[in-house]
Amino acid sequence: MKNNIWLLAIILFGIHSIQAQGPPITADKPIMLGQGSFTLRTLAEIRTTERATFTYIPINFSYLPTSNIELAVEIPYLVNTITEGASNSALADIKLMGKYQFFRKDATGKTFRVVGKTIQTLPTGEDLDAMDLSTGNYAGYYGVVAGYETLKYGISNEIGYNWMPDGTMDDFRYKLGFGLPLLIPQYPNKQINLFFEYTNLWLVERNWYQLLYAQGVQYARKNTTFELAVQVPLVNDVDEGRKFKHSIFLGSRFTF
């Protein structure tokens, strides 16, 4: 466990950045940065369930070849600790992501944007039946993200379907997030943002349903951004022994 904490610390604090930003933490955003920009991000998750605790540490690298197209790859490392059992670690499922912004309307101090989104999950991890972490199965996610942002608040929505042809974890999902900046806009950049984020998950073939709530805080100063969130279930209609207890998210992001 100590080695995992050191690895996470190196990832979070050992990278230098040029520019900070303030998107949602567990949700997603339709707002993209300028053409030719790169973003390096990690959002580690410690997920506790009735059967195991999963420590998920990803490295996500994204690039904008144009102002309305974003491409990304996520390479994750996963530590799996079975309740009252052994612990092991390995590469989890690698993800390839693409987004295309097809609608944008800007006004003074506010903007509304919509993007199409896909995530292709490669079966590089073990078959741990851990949703979005390590399933050992190919999956393709297809969705739409819409967001409205002003200087006083931000709202993000995402709806989509995750298709797993060789497994039983197909899911329909809807995410809703609210962002509240606590400081007035200033230069050099200095932000403290609160986030209130809801995730609806319906696993179609298993007939499981979860409504999860995440409370998060994000701090940005000049060229560094850090974020922390805690996620808990509001509705947890899954089989006994498989119920979700809580997740802790800890992350940072850097754009250059």
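Two strands count as paired if DSSP finds at least two bridges between them, and helices (H or I, at least four residues) and strands (E, at least two) are DSSP runs numbered from the N terminus. The structure treated here is a predicted model, in which local features need pLDDT of at least 70 and side-chain atom pairs count only at pLDDT 80 or more, while totals for chains, interfaces and linings use all residues. Residues are numbered from 1 along each chain as its sequence is written, and side-chain values use heavy atoms, with hydrogens and water left out.

**Exercise 1. Describe the overall make-up of the protein chain.**

Step 1: The protein chain has 1 helix and 13 strands, and from the N terminus on the order of these elements is α-β-β-β-β-β-β-β-β-β-β-β-β-β.

Step 2: The radius of gyration, taken over C-alpha atoms, is 18 Å, close to the 18 Å from the globule rule (2.2 Å times the number of residues to the power 0.38) for 256 residues, so the chain is as compact as a globular protein of that length.

Step 3: The C-alpha trace spans about 55 × 40 × 35 Å along its principal axes, and buried residues (under 20% relative accessible area, with exposed meaning over 50% and partly exposed in between, for a 1.4 Å probe and protein chains only) make up 48% of the 256 residues.

**Exercise 2. Trace the pairing of strands 12, 13 and 1.**

Step 1: Strand 12 (residues 224-237) and strand 13 run antiparallel and are joined by 7 bridges, with Ala229 standing opposite Phe249 in strand 13.

Step 2: These two strands form a hairpin with 6 residues between them, and Gly241 in the turn has a positive phi of about 90°.

Step 3: Strand 13 is also joined to strand 1 by 11 bridges, again in an antiparallel arrangement, and the bridge partner of Thr49 in strand 13 is Phe244.

**Exercise 3. Follow strand 10 to the strands on which it pairs.**

Step 1: Strand 9 (residues 171-181) pairs with strand 10 (residues 190-203) in the antiparallel sense over 11 bridges, and in strand 10 Phe195 is the bridge partner of Gly179.

Step 2: Strand 10 pairs with strand 11 (residues 208-221), also in the antiparallel sense, over 14 bridges, and Lys190 has Arg221 as its bridge partner in strand 11.

Step 3: Strand 10 and strand 11 form a hairpin with 4 residues between them, where Asn207 in the turn has a positive phi of about 55°.

**Exercise 4. Explain why the rings of Phe38 and Phe256 count as stacked, and place the pair in the chain.**

Step 1: Rings of Phe, Tyr and Trp (its six-membered ring) pair if their centres lie within 6.5 Å, and planes under 30 degrees apart count as stacked, over 60 as edge-to-face and the rest as tilted.

Step 2: A search of the whole structure finds 6 aromatic pairs; in the pair of Phe38 and Phe256 the ring centres are 5.5 Å apart and the planes are at 10°, so the pair is stacked.

Step 3: The pair links distant parts of the chain, since Phe38 lies in strand 1 (residues 38-49) and Phe256 in the segment after strand 13 (244-255), 218 residues apart.

Step 4: Phe38 is partly exposed, with a relative accessible area of 26%, and Phe256 is partly exposed at 46%; together with Phe61 and Tyr63 they form one aromatic cluster.
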